[in-house]
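Thank you all for making the time; I would like to walk you through one chain this morning. Please have the sequence and the model open while I talk.

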Amino acid sequence: MSTVTYSTALAVAVLIWFGAGRQPLAVGMAFFRALFQSRQYLLVFIAVIAILFLNKYELHLENWLNVSYDLTAALTGWEGAWQAKLQASLPSDTLIGFTAIFYLVLFQATMMASFGIYTYAGNMKLYYALSFAILGNYLLAVPFYLYVPVNEAWYADSQIRFLMLNVFPTFEQHYRALSGINNCFPSLHTSLSVTMALIASRSGIRRWSIFAWINAIVVIFAIFYLGIHWFTDMVAGLVLASVSVYVGLKIAARMESHPHSGILSRSRNKLEPPSPVES
C-alpha cells in the first residue's frame with residue numbers, strides 16, 4: 001500500500017493548495033506553529049490522532065469479546081443484491097479506478113487537508129468542530145462494530161463483486177487489519193465524508209465546500225459500486241454524521257466563548273495568513 005501512502009501525501013499537498021490558496025509549506029508552518037503555541041490545539045489534535053490509532057485495535061477487542069451472532073440478514077436482508085445490478089450496469093475499469101481513488105486516497109487526504117486549511121484561515125472554531133466531530137464519529141461507531149456485526153456486501157452475497165481488488169489486488173492483506181469484514185454498520189466512509197462536507201460548508205471557502213461535497217457524493221457512490229456497503233449502512237452513516245457535526249459545533253462554540261480558548265479566540269472567516277498564536 002505504499003502507492004496509497006505516496007498518493008495520499010501528494011493529494012494532501014494539492015488539496016491544501018486548492019483549499020487554502022497558498023503553497024502547502026506555508027500552511028504546514030501555520031499548522032506546526034499552532035501545535036507548539038497552543039496547548040489546547042495540541043491536545044485536541046493528539047486526541048484525534050489517538051482515536052484514529054486506537055481504531056486499529058478495535059479488531060483485537062472484537063476478537064476478545066467473541067461475538068458469535070451475525071445481524072447482516074436482519075438489518076440488510078430486505079435489500080437484495082442491488083449492488084450487483086449497479087456494477088453490471090456500469091462495467092468500466094476507469095470508473096472502478098476513479099471510485100477506488102476517492103475511497104482510499106482522497107477520503108483521507110481531504111480529512112488531513114481540512115485541518116491545515118482551517119488553521120491557516122484562522123478559523124479555529126471549524127478546526128475544533130471537525131476534530132470533535134471526528135471523535136464523535138468513531139466513539140459512536142465502535143460500539144456498533146463490536147455488538148452489531150454486519151458483513152460487507154460482497155462477502156455476504158456472491159452476486160456482488162469486490163471491485164476494489166481490480167485496482168488494489170493486495171487490499172485484503174494490507175487494509176483488512178484496519179477494518180473488519182463485519183464492521184459495516186454504520187458506514188464510517190459515509191459519516192466522515194459527510195461530516196467533512198458539512199463543516200466545509202461553514203468555512204466560507206466556496207471552492208473547498210464544493211469539493212468536499214463532491215468528495216462525499218463520490219465516496220457514497222463508491223461504497224456501493226465497489227461492493228462494500230449496504231444502503232442501511234449509508235443511512236446510519238448519515239445519521240451519525242449529523243449527530244457528530246451538531247455536537248462538534250456545540251463544543252467548538254463553547255470553547256470559542258471561553259476566555260482561555262487561546263488561538264480559538266482569534267478565529268476568522270476570511271482566508272488569510274494567521275496572526276501569531278498564543279498559548
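Let me begin with helix α1 and helix α13, which in this predicted model are oblique to each other, because their axes cross at roughly 135°, and an angle counts as roughly antiparallel if it is over 145 degrees. The two helices, residues 2–20 for α1 and residues 206–225 for α13, have axes that come within 7 Å. On the α1 side the contact is made by Leu15, Phe18, Gly19 and Ala20, while α13 brings Arg207, Trp208 and Phe211 to it. Sorted by class, the residues of this contact are 5 nonpolar, 1 polar and 1 charged.

Stepping back to the chain as a whole, we have 14 helices and 0 strands, so that a reading along the sequence gives α-α-α-α-α-α-α-α-α-α-α-α-α-α. The radius of gyration is 19 Å, close to the 19 Å that the globule rule gives for 279 residues, and the chain is therefore as compact as a globular protein of that length. Along the principal axes, the C-alpha trace spans about 55 × 40 × 30 Å.

Now to the empty space. The largest pocket has a volume of about 1,200 Å³, and among the 44 residues that line it, the closest to its centre are Leu52, Phe107, Gln108, Met112 and Tyr138. Which helix gives the most to the lining of this pocket? That is α7, with 8 residues, although α1, which we met a moment ago, is also one of the helices that each supply at least two residues of the lining, as are α2, α3, α8, α11 and α12. By class, the lining of the largest pocket divides into 28 nonpolar, 12 polar and 4 charged residues.

I will finish with two details of the backbone, for which it helps to recall that most residues other than glycine have a negative phi, and that most peptide bonds are trans. In the loop between α4 and α5, asparagine 66 has a phi near 55°, which is a positive value in a residue other than glycine. The second detail is a cis peptide bond between phenylalanine 185 and proline 186, with omega at about 0°, and here proline 186 lies in the loop between α11 and α12, two helices that we have already come across in the lining of the largest pocket.

Methods:
Residues are numbered from 1 along each chain as its sequence is written. This is a predicted model: local features need pLDDT of at least 70, side-chain atom pairs count only at pLDDT 80 or more; totals for chains, interfaces and linings use all residues. Side-chain values use heavy atoms; hydrogens and water are left out. Axes are lines fitted to C-alpha atoms, for helices over the stretch in contact, and angles run from 0 to 180 degrees between N-to-C directions. Helices (H or I, at least four residues) and strands (E, at least two) are DSSP runs, numbered from the N terminus. Angles under 35 degrees count as roughly parallel, over 145 as roughly antiparallel, 65 to 115 as roughly perpendicular and the rest as oblique. Contact means heavy atoms within 4.5 Å. Ala, Val, Leu, Ile, Met, Phe, Trp, Tyr, Cys and Pro count as nonpolar, Asp, Glu, Lys and Arg as charged, and the others, Gly among them, as polar. On a 1 Å grid over the protein atoms alone, a cavity is a set of points where a 1.4 Å probe fits but cannot get out, and a pocket is an open set with protein on both sides within 12 Å along at least five of seven lines; lining residues have an atom within 4 Å of a point. Grid points are joined across faces, edges and corners, and a volume is the space filled by probe spheres set on the points. The radius of gyration is taken over C-alpha atoms; the globule rule is 2.2 Å times the number of residues to the power 0.38.
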